[in-house]
Amino acid sequence: MSMSAGWYLRRLSRMGPREVGGRVGDAVRRRRWRSARPACPTVTGARFTAVLPAGTIAAVPPAAAKRLLAEADRLMAGHAEYFGVDRDDLADPDWWYDPKTGRRAPWGYAFDVPYRNEEVAGDIKQIWELSRHQYLTVLAAAYAITGNERYAERVAEHLRSWWAANPPLRGVHWTSGIELGIRLLSWVWIRRLLDGWPGAAGLFEDNPAARNQIWHHQRWLAAFPSRGSSANNHVIAEAAGQFAAACAFGWFPSSARWRADALRSLERNLRGNTFASGLNRELATEYHGLVLELGLAALAEADAAGVPVPTSVRLVLLRMTDALAAVVDSRLRTPRQGDADDGHGLVLDGAGTDRWASLLATGDAVFGSLAWWPAVAGADARTALLAALIRPYARNGTVPAVSRPASRPGHFADAGMTILRGPAGIWCRCDGGPHGFLSIAAHAHADALSVEVRHDGVDVLADPGTFCYHGQPEWRQFFRSTLGHNTLQLDGTDQSVSGGPFLWTRHARSRVLVADPSGASDGTARWCAEHDGYQRSVHRRRVELTAASQELRVVDEVRGRHGPRRAVRLAFHLGPAVAADLVGNLAVLTWTRDGEDRSAVLDLPGQLRWRAHRGETDPPLGWYSAGFGRKEPATTLIGTGSADGTAPSGEFTTVLRFHG
């Protein structure tokens, strides 16, 4: 989609004076750069010294190596899948082609390219993803493991092709800083993994085209950092990539300055993007993973280069790792809160590798696990490679003594997230936190007081996910809407007001009133919160999980003097594996886990009229998105009625009872 004048005005209204001044400076700089394109400084004697220690590759677990090589061979045959679209053209890719729409992004000065307009440029996520070059890090890792030069030669062929097709400041690959930052990080690891190949130096440090690209990438990042209301995960990717390149490719007169500036930005924004509890402030769990990956990768470069980093960097990454260990369910699945676009900071593994298990394994290697951490099954390659570079926390005093949780946290007050747990892997996430991060809350959903319930890792009451960002506004609106979450909607409106696909102009304010995830006193875990997103009314929700009966009770209240009766819609989205037989206000839920039949009964509020929806498109309802660009039909139960703010019509009780 292209942005209207109204969007620009709404976006401007969310900026402060300092950000406005910075963006004006950016605009002036873009105009100046159109005609002033300096050449990369002459470099002599460049060397790459940030190599892996001896024996590192041998430490990669055989199962991880096998997965990685299988993935590398698929890539060598030209096959890959991005965001639900299968590609078979990777043997000789067109760097500007979108296989989803069949369009090619236009050529021209980078800052003139309308990359948000799918009608002109295609689906920009499809175009950008390949040029993050994370598939090339997989091929480079395959070379490091096998010594087979065909992998290295394919990497070299594709890098030379990309460098020739994408000169500095030309085309869509020079429009977004996060893309440049992640690409630089990939190049660092490609060079590191190809170190035993005779052509490695000729591809990188002895290659004027490579040096030119590396220099211009860093010059761009130094000039156009994400700022103000956009200083979310993007600025961390920019700083991590800039820092990694300035450490590993420190060949230029500006390298020391770029390195110091990037480290300052990384330290400041890691702190700024992370709650004291360790959860990411964007309240979008996949971005917690992205930021943690980027932070660990940057730390690896610092330690490899012997560059001291502020203590706070390691402390933030430690807290993020402990928080991740705390929130996962019995199958190491994380909450599906907020936006998710399948973005990774550093890819060194094949398909089928569990992202969250990998991060916990790396956290164990770097920081040490705690007694309450969940067991991590499986193995990955990235942990062995990162751990070979990062100085372990526990053995060398790189972090002073710090208090870590003695038991598994269940309530994160600053993030407003509470996890209730019961027998048989019952897991319930309750959302009573801020709407999102910064003034635009770009990756937030209108999901205040929503719950997400799993049984042994199976989505029973599911967060439907994200599905898309650009180009399909009706689907973007649905997946981030209040009706698209397990919560209550009044008068057909969202709790927070959207001003665009990554912009919220009014944020619902939530507060947690009760949080007792342990239920130590009587065996019942409790949570209660409310939000003010509906004018003249307050939505309050109580949740109780009783371990002995495996019963989850959800009570919704509409409180306040709001005059006329208000239309109510209460939504419960079931996971795609769950079938529902709805009769009146009683739904029998069935699913299979590991070959065993499982069931539950959902007793819905009787004063509402209930209907099941599945796979509807006008408007969208009854969908589940397992990953970006992918969606499948799933059952959604919607109860409609009204509330006048006084019991019983203003109070709605739902009971979920698990069997066995």
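In this predicted model, a residue is called buried when its relative accessible area is under 20%.

Q: Which residues of helix H7 are buried, and what do they pack against?
A: In helix H7, the residues that meet this definition are Tyr151, Ala152, Arg154, Val155, Ala156, His158, Leu159, Trp162 and Trp163. The buried residues of H7 pack against several helices, among them H3 (62–76), H6 (134–146) and H10 (208–223).

Q: Why is Asp342 called buried?
A: Its relative accessibility is 17%, and the cut-off for buried is under 20%, so Asp342 counts as buried. Asp342 lies in the loop between helix H14 (311–327) and helix H15 (355–367), where Asp342 touches Phe83, Glu286, Gly627, Phe628 and Arg630, leaving aside residues up to four places away in sequence.

Q: What makes the approach of the Asp342 side chain to the backbone nitrogen of Phe628 a polar contact?
A: The side chain of Asp342 reaches that nitrogen at 3.2 Å, and a polar contact requires a pair of N or O atoms within 3.5 Å, so the pair is counted as one.

Q: How do you know that S8 and S15 pair?
A: Pairing requires at least two bridges between two strands, and three bridges join S8 to S15 (residues 566–573), so the two count as paired, running antiparallel. Leu488, for instance, has Leu570 as its bridge partner in S15.

Q: Why are S8 and S19 placed at the edges of their sheet?
A: The four strands form an open sheet in the order S8-S15-S24-S19; S8 (488–490) and S19 (609–614) each have a single partner strand, so one side of each is left without a neighbour in the sheet.

How values were computed: Residues are numbered from 1 along each chain as its sequence is written. This is a predicted model: local features need pLDDT of at least 70, side-chain atom pairs count only at pLDDT 80 or more; totals for chains, interfaces and linings use all residues. Side-chain values use heavy atoms; hydrogens and water are left out. Buried means under 20% relative accessible area, exposed over 50%, partly exposed in between (1.4 Å probe, protein chains only). A polar contact is a pair of N or O atoms within 3.5 Å; within protein, one must be able to donate a hydrogen and the other to accept it, and residues adjacent in sequence count only if both atoms are side-chain atoms. Contact means heavy atoms within 4.5 Å.
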